[in-house]
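Trainee: I have a model open and would like to walk through it with you. Can we start with the terms and then go residue by residue?
Mentor: Fine, put it up.

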Amino acid sequence: MRIQRLFFTSIVVALFTISGCSLKGEKNKGTVTIDNIDAEEVLTLEPDADIFQYDGVIYRTNIDWVEELSLSKGEQIGEIKVQNDSNTDFKDEMANKLPVGAKIFAVKERGDILIVESEGKTLKYLAIVEG
């Protein structure tokens, strides 16, 4: 009888310890989300920024350290379909300065930079995300 009680007590203590640690861990867990910045936020901070939206993300060019990178153009993933220089309500494949038809390419070395070819120029665009 005493061995059964001791066994039962040790199981109960173990369960309380496990559940207590588990609950303590849950209290400290927070959900961290990283939202994408929209065109309005970018253009409010820098009205002359050259931007476009692709796959829900705003990309911006003329960033010094990005311009210095040596990058290889990958496959074409899209093209600019709408030029929107009148408001900040952007949709995918919409730009404020790039002309319609500008081709968007992936970059082999990085996932946060895209290359755009337009009017004989090659431009590098960095994804603008909050972090």
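Mentor: One term to begin with: strands here are DSSP runs of E with at least two residues, numbered from the N terminus. Ile113 lies in one of them, strand 7. Keep in mind that this is a predicted model.

Trainee: Is Ile113 buried or exposed?
Mentor: Ile113 is buried, because its relative accessible area is 0% and the cut-off for buried is under 20%.

Trainee: What is Ile113 in contact with, leaving aside its neighbours within four places in sequence?
Mentor: Val66, Leu69, Leu71, Val107, Lys124, Tyr125 and Leu126. Thr61 is another residue to look at: its C-alpha is 9.5 Å from that of Ile113, with the two positions 52 residues apart in sequence.

Trainee: Stepping back, how many strands form the sheet, and in what order?
Mentor: There are 8 strands in an open sheet, ordered 3-6-7-8-2-1-5-4, and the pairing is mixed.

Trainee: Which strands stand at the edges?
Mentor: Strand 3 and strand 4. Each has a single partner strand, so one side of each has no neighbour in the sheet.

Trainee: How does strand 3 pair with strand 6?
Mentor: In the antiparallel sense, over 4 bridges. As one pair to find on screen, Glu79 has Lys103 in strand 6 as its bridge partner.

Trainee: Now strand 2. Which of its residues are buried?
Mentor: Val57 and Tyr59 are buried on one side, and Ile58 and Arg60 are buried on the other, so both faces of strand 2 (residues 57-60) are covered.

Trainee: Why do they split into two sides like that?
Mentor: In a regular strand, side chains alternate between the two faces of the sheet.

Trainee: How many bridges join strand 2 to strand 1?
Mentor: 4 bridges, with the two strands running antiparallel. Arg60 of strand 2 is the bridge partner of Ile51. The two strands make a hairpin with 2 residues between them, and Asp55 in the turn has a positive phi of about 55°.

Trainee: And how many bridges join strand 2 to strand 8?
Mentor: 3 bridges, and that pair also runs antiparallel. Ile58 stands opposite Ile128 in strand 8.

Trainee: Different topic. How many salt bridges are there?
Mentor: The count comes to 5. One of them is between Glu46 and Arg60, where the closest N and O atoms are 2.8 Å apart. That pair links distant parts of the chain: Glu46 is in the loop between helix 2 (39-45) and strand 1, while Arg60 is in strand 2, 14 residues apart. Glu46 is partly exposed, at 35% relative accessible area, whereas Arg60 is buried.

Trainee: Which residue meets Lys73 in a salt bridge?
Mentor: Glu117, at 2.5 Å from N to O. Lys73 is in strand 3 (residues 73-79) and Glu117 in strand 7 (residues 113-118), 44 residues apart. Lys73 counts as partly exposed at 35% relative accessibility, and Glu117 is partly exposed at 29%.

Trainee: What about Asp112?
Mentor: The side chain of Asp112 meets that of Arg110 in a salt bridge, 2.8 Å from N to O. Asp112 is partly exposed at 26%, and Arg110 is partly exposed at 31%.

Trainee: Where does Asn84 lie?
Mentor: In the loop between strand 4 (82-83) and strand 5 (94-95). Asn84 counts as buried because its relative accessibility is 7%, and the limit is under 20%. A polar atom of the Asn84 side chain lies 3.3 Å from the backbone nitrogen of Ser86. Not counting residues up to four places away in sequence, Asn84 touches Asp89, Phe90, Met94, Ala95 and Asn96.

Trainee: Last thing. Where is confidence lowest, and where is it highest?
Mentor: Helix 1 (residues 2-28) is lowest, with a mean pLDDT of 57, and strand 6 (residues 103-107) is highest at 98. Over residues 22-28 the pLDDT is below 50, and that stretch has 0 contacts in the model beyond near neighbours in sequence. The chain averages 84, and 73% of the residues score at least 70.

Trainee: What should I do with the low part?
Mentor: Where pLDDT is low, the predicted coordinates should not be read in detail.

Methods:
Residues are numbered from 1 along each chain as its sequence is written. This is a predicted model: local features need pLDDT of at least 70, side-chain atom pairs count only at pLDDT 80 or more; totals for chains, interfaces and linings use all residues. Side-chain values use heavy atoms; hydrogens and water are left out. Buried means under 20% relative accessible area, exposed over 50%, partly exposed in between (1.4 Å probe, protein chains only). A polar contact is a pair of N or O atoms within 3.5 Å; within protein, one must be able to donate a hydrogen and the other to accept it, and residues adjacent in sequence count only if both atoms are side-chain atoms. Contact means heavy atoms within 4.5 Å. Two strands pair if DSSP finds at least two bridges between them. A salt bridge is a side-chain nitrogen of Lys or Arg within 4 Å of a carboxyl oxygen of Asp or Glu. pLDDT is the predictor's confidence in each residue, from 0 to 100.
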